[in-house]
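Trainee: I am new to this structure. Could you show it to me, and may I ask how its labels are earned?

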Amino acid sequence: QKDAALEEFVDEQAPALTDAEFRNHSTKLLEWQSGCPFRAFAQVRLSAERQQEPTLGAGPIDRGKVTELALQYVWEEFRGLQELEKLTVDQVERSIALAIDKAILKKFPKGEEDWLRAHREIERERLNKLIHEWLAVERKRAPFHHIVHQAEVEVRIGELTISGRIDRIEQTNEGAYVIIDYKTGGGSYSARWWEAPRPQDPQLPIYAVAQTMQGRELAGVAFARVRVGKCDFQGEAARKEIFGKTQNGKQYDAFPQTLDSWRPELERLAADFLAGRAKVDPNHPPATSKSTCKLCHLGALCRVAESAAALDDDENDEASDDE
């Protein structure tokens, strides 16, 4: 009996979306589509969400939330950089302590067990040190005011309606707007994450597009890296003083062109999702140091590791044939 012939069929195209289904989503949709089209398809259209693992006490996400909330309360009290500079040391200390207490009360695990009390005290000390370090970075910046935290936004990107929440919006003394996204984790966040094609993290470009569509002039967009010993801004701005940068050589006059480049790329990603493009195509393949797959939970579904292994085998076979 002869061996049966095997036919290979690659299915990378999902049905296009023709109605209102899935046309409203968070900024994560375009992040997934940019990182790997299959992930956007699987998480949005197949509901293949990650299982959340329980933690004892506060996990990294909880600590990130309490940090952001404490910073929000601090700036609600200070209102702007010029107002902060007018305060005495004692007034600043009281404002920081009050902000930390309010944030911990709202976002940190409650309970009167000894270990929970100690847990909260450790967090209080961490936040006190961190906020002082962060304010030292903020004091090097050009004056800003009218700070708004957790500003809800909805924007039309192509045929998609994308919604989100901006960590912080502020204004310069000249009236231009600055968008900031707090980052409290250990990632090496960089403005290079917004470069087209296929930006690694298109959230801030989405928010920037939303602001410009409202007719607002933007002076800067940045990740605010809030970590003890590593506090700084990573972003793009119209001039170096916006984020307190002192280095020379950066092309600040290119900021308007950078803003203009984001919308077409975001619209392309939206169109690809609506057209059903669902190829297993990580922006950075598994074997690379910046692999897109490291933070994805869908490896058993997409089997990208098997594809990478098959590719390695083919390359090894070719090398053997050449010998």
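Trainee: Why is glutamine 150 called partly exposed?

Mentor: Its relative accessibility is 31%. Buried means under 20% relative accessible area, exposed over 50%, and partly exposed in between (1.4 Å probe, protein chains only). So glutamine 150 counts as partly exposed. This is a predicted model, where local features need pLDDT of at least 70, side-chain atom pairs count only at pLDDT 80 or more, and totals for chains, interfaces and linings use all residues. Residues are numbered from 1 along each chain as its sequence is written, and side-chain values use heavy atoms, without hydrogens and water.

Trainee: What makes the phi of glutamine 150 notable?

Mentor: Phi is positive, about 55°, although glutamine 150 is not a glycine. Most residues other than glycine have a negative phi. Glutamine 150 lies in strand 2, a DSSP run (E, at least two residues; helices are H or I, at least four; both numbered from the N terminus).

Trainee: Which class of exposure does histidine 146 get?

Mentor: Histidine 146 has 47% relative accessibility, so it counts as partly exposed. It is placed in strand 2 (residues 144-157), and its phi is positive too, near 50°.

Trainee: How do you know that helix 7 and helix 8 are roughly perpendicular?

Mentor: Helix 7 (residues 203-213) and helix 8 (residues 255-274) pack at about 110°. Roughly perpendicular covers 65 to 115 degrees; under 35 is roughly parallel, over 145 roughly antiparallel, and the rest oblique. Therefore the two helices are roughly perpendicular.

Methods:
Axes are lines fitted to C-alpha atoms, for helices over the stretch in contact, and angles run from 0 to 180 degrees between N-to-C directions.
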